[in-house]
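Trainee: I have a model open in front of me and would like to learn how to read it feature by feature. Could you walk me through it?

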Amino acid sequence: MLDDFLVRAALAGVGASIAAGPLGCFVVWRRMAYFGDAIAHAALLGVALSLAFSLSIQAGVLIVAVAIALAVNVISGGRLAMDTLLGVAAHGALAVGLVAISLTSRAGLDLDGYLFGEILSVTRADLALIWGGAACVTALLVWRWSPMLTATLGEDLAWASGVDPKRERMILVLAMAIVVAVSIKVVGALLITAMLIIPAATARPLARGPEAMAFLAAGFGVLSALGGLWASWRLDTPTGPTIVAAAAGLFVLICLVSIGRGRGRAP
Amino acid sequence: MSKQSFILPQDATDVLIGTENVSVALGGRQVLRDLTFGIRRGEIVTIVGPNGSGKSTFVRALIGAVPASRGRVRTRPGLAIGYVPQRLHIDPTFPITVARFLALPRRRGRAEIAEGLARVGLADHGRRQMTELSGGQFQRVLLARALLGRPDILILDEPTQSLDQPATAAFYRLIEEVRADLSCAVLMVSHDLHVVMSASDRVICVNGHICCEGTPTVVSEAPEYQALFGDGTRGALALYQHHHDHEHGQGGAPHA
């Protein structure tokens with residue numbers, strides 16, 4: 001069954017979505033979208049690194065994503081304007097990554113694969129990495145769920161409850177780095193943040209609790225991955241962008257439905 | 001008067017939480033210097049001070065949210081702290097019911113949650129979204145959450161700052177009720193002295209350091225306190241005591 005590239009693609013999309021959905025809820029709650037961008041764009045630097053040292057792409061991406069995540073996390077402790085710093089990190093990493101890839105790569109390297117994903121060329125080894133990474137992230141989230149929620153609600157509230165919010169934030173950021181590393185093959189560096197944010201945002205109007213939102217986000221992510229894969233097959237469009245377009249379509253649909261339902265209800 | 005504390009941690013065995021010569025610097029600026037303080041089991045202590053005096057920083061140092069640059073914070077092992085923040089902003093993207101909020105970070109049983117909500121007069125509100133609550137209800141839920149852990153000490157950092165006057169008065173009445181119930185210590189930060197002072201065993205006036213401390217009457221008449229708050233607050237204090245008498249129907253002449 002795994003011999004079929006479409007089956008492998010579907011499994012890759014599902015695996016990445018299951019990890020990205022619940023994690024994306026934290027990104028939305030904590031307004032870390034720009035942070036996600038910074039880590040995701042840093043993935044391109046990771047690609048350059050793996051090309052230069054003949055590492056696997058995911059290993060290189062993971063190393064650089066973790067490094068950038070930790071660096072930005074340290075900087076964020078200061079009193080500097082966070083969005084500006086992250087803007088520098090996100091776009092700087094993207095640009096330097098592109099330059100570095102062009103310097104290290106052989107002629108004719110297809111950049112699009114790294115920017116927009118190449119889910120149709122996922123190998124069994126990739127699949128093992130994606131599902132392994134997704135399992136890691138899910139395990140981290142399950143383990144730290146309550147403390148992370150507490151830290152998300154308020155740092156002082158967390159401290160007083162015996163939860164170290166800095167530690168929880170660090171775990172969250174590491175989980176994001178892992179998601180970036182496993183998703184680069186699926187949707188590419190430019191669209192990873194979309195797979196974090198859009199399913200979570202889609203889940204929000206339907207959820208009354210954080211757990212429900214996390215499950216729904218994973219579900220919407222899976223739906224987008226499978227729907228996008230199918231649509232790109234039918235329409236012969238690039239798969240990564242089609243997956244994200246499917247996610248965005250679901251978002252608009254759910255928004256319209258919940259606005260419609262909200263009309264007849266007291267606020 | 002400045003550095004002397006009524007209880008020194010080394011000779012008070014029943015101190016729940018305290019500081020020894022604690023200084024705190026934030027962003028290179030010294031916010032607190034040389035604070036020695038301790039609160040005993042069952043005591044009610046109010047910390048007052050003008051805006052920017054470091055009162056909130058002091059509380060944050062006590063709960064471990066900011067490190068002391070000098071000195072140390074001493075906590076009795078296993079101390080259960082119930083903390084009510086100034087206010088809590090829950091992002092509108094974060095769906096959470098009152099009941100779920102109460103069970104963070106530690107799981108609580110259904111009965112325990114119901115009891116906790118009933119205690120603050122919010123029975124049947126467990127299924128509501130936190131973001132739907134009024135300001136007064138929200139603070140009550142924060143109080144309920146702080147009380148669920150059966151705290152030895154309740155720490156409240158200007159808990160009524162965002163409330164209007166009736167809600168503030170109701171909130172303070174509630175604190176007095178639950179305190180009578182649970183007999184925990186209370187450490188309250190306030191800048192609206194007129195509401196809390198007379199209920200306190202001790203008032204500590206902070207302005208970067210401890211300016212003065214003592215019973216409410218002693219502090220309100222201390223020159224250090226008057227220098228900080230001016231004449232107006234004496235009128236406010238009188239106003240409160242009048243209110244207090246009125247609310248509870250207790251005797252005693254209003255402070256003039």
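Trainee: Let me start with β7 of chain B: are its two faces covered or open?

Mentor: This is a predicted model, so I will speak of what the prediction shows. To judge a strand, look at the two sets of side chains in turn; a residue is called buried if 20 or more other C-beta atoms lie within 10 Å of its own. In β7(B), B:Ala185, B:Leu187 and B:Val189 are buried on one side, and B:Val186, B:Met188 and B:Ser190 are buried on the other. That fits the count for the strand, residues 185-190, where six of six residues are buried.

Trainee: Which strands pair with β7(B), and in what sense?

Mentor: For pairing, check the direction and the bridges. Strand β3 (residues 44-48) of chain B runs parallel to β7(B), joined by five bridges. There, B:Ile47 has B:Val189 as its bridge partner. β6(B) is also parallel to β7(B), again over five bridges, and B:Ile155 stands opposite B:Leu187.

Trainee: What kind of unit do β6(B), α5(B) and β7(B) make?

Mentor: Here you follow the chain from one strand over the helix to the next strand. These three elements form a β-α-β unit, and its hand is right.

Trainee: Now the whole sheet: what is the strand order, and is the sheet open or closed?

Mentor: Read the order across the sheet, not along the sequence. In chain B it goes β5-β6-β7-β3-β8-β9, an open sheet of six strands with mixed pairing. At its edges are β5 (81-84) and β9 (210-214) of chain B, each of which pairs on one side only. From one strand to the next, the twist averages 15°.

Trainee: Do β8(B) and β9(B) run parallel or antiparallel?

Mentor: Antiparallel: strand β8 (residues 202-206) of chain B is joined to β9(B) by four bridges. To find the register, take one pair, such as B:Ile204 opposite B:Glu213 in β9(B).

Trainee: Which helix lies across β5 and β6 of chain B?

Mentor: With a helix on strands, ask which strands it crosses and at what angle. Helix α4 (residues 135-148) of chain B lies across β5(B) and β6 (153-157), and it runs at about 170° to β5(B).

Trainee: Turning to the backbone, which peptide bond is cis?

Mentor: Look at omega for this one. The bond from B:Leu104 to B:Pro105 is cis, with omega near -5°. You will find B:Pro105 in the loop between α2 and α3 (110-119) of chain B.

Trainee: And where should I look for positive phi outside glycine?

Mentor: Let us take two cases. B:Asp34 has phi near 55° and sits in strand β2 (residues 29-40) of chain B. B:Glu158 has phi of about 40° and belongs to the loop between β6 and α5 (165-182) of chain B.

Trainee: Why do B:Asp34 and B:Glu158 count as partly exposed?

Mentor: Count the C-beta neighbours. B:Asp34 has 16 inside 10 Å, so it counts as partly exposed. B:Glu158 is partly exposed because it has 19 other C-beta atoms within 10 Å.

Trainee: Why is A:Asp236 called exposed?

Mentor: A:Asp236 is exposed because 8 other C-beta atoms lie within 10 Å. This residue lies in the loop between α10 and α11 (239-263) of chain A.

Trainee: How many residues are in contact where chain A and chain B meet?

Mentor: Begin with the two sides of the interface. 22 residues of chain A are in contact with 20 residues of chain B. On the chain A side, the elements giving two or more residues are α1 (5-29), α6 (124-153), α7 (155-160) and α10 (210-235). That side has 12 nonpolar, five polar and five charged residues.

Trainee: Last topic, confidence: what scores does the model have?

Mentor: The model scores ipTM 0.87 and pTM 0.86. Then go to the residue level: chain B averages a pLDDT of 80, and 82% of the residues score at least 70. Among the elements of chain B, helix α2 (residues 98-102) has the highest mean pLDDT (95) and helix α9 (residues 232-248) the lowest (41).

Trainee: Over which stretches of chain B is pLDDT below 50?

Mentor: Residues 1-10 of chain B are one such stretch, with 22 contacts in the model beyond near neighbours in sequence. Over residues 233-256 of chain B, pLDDT also stays under 50, and the model has 28 contacts there beyond four places in sequence.

Note on methods. Residues numbered from 1 in each chain as written. Chains lettered and ligands numbered in written order. Pairing = 2+ DSSP bridges. Axes fitted to C-alpha atoms, helices over the stretch in contact; angles between N-to-C directions. Contact = placed C-beta atoms within 7 Å. pLDDT = per-residue confidence, 0-100. Buried ≥ 20, exposed ≤ 12 C-beta atoms within 10 Å, placed from the backbone. Nonpolar A, V, L, I, M, F, W, Y, C, P; charged D, E, K, R; others polar. Right-handed = clockwise from strand over helix to strand, strands pointing away.
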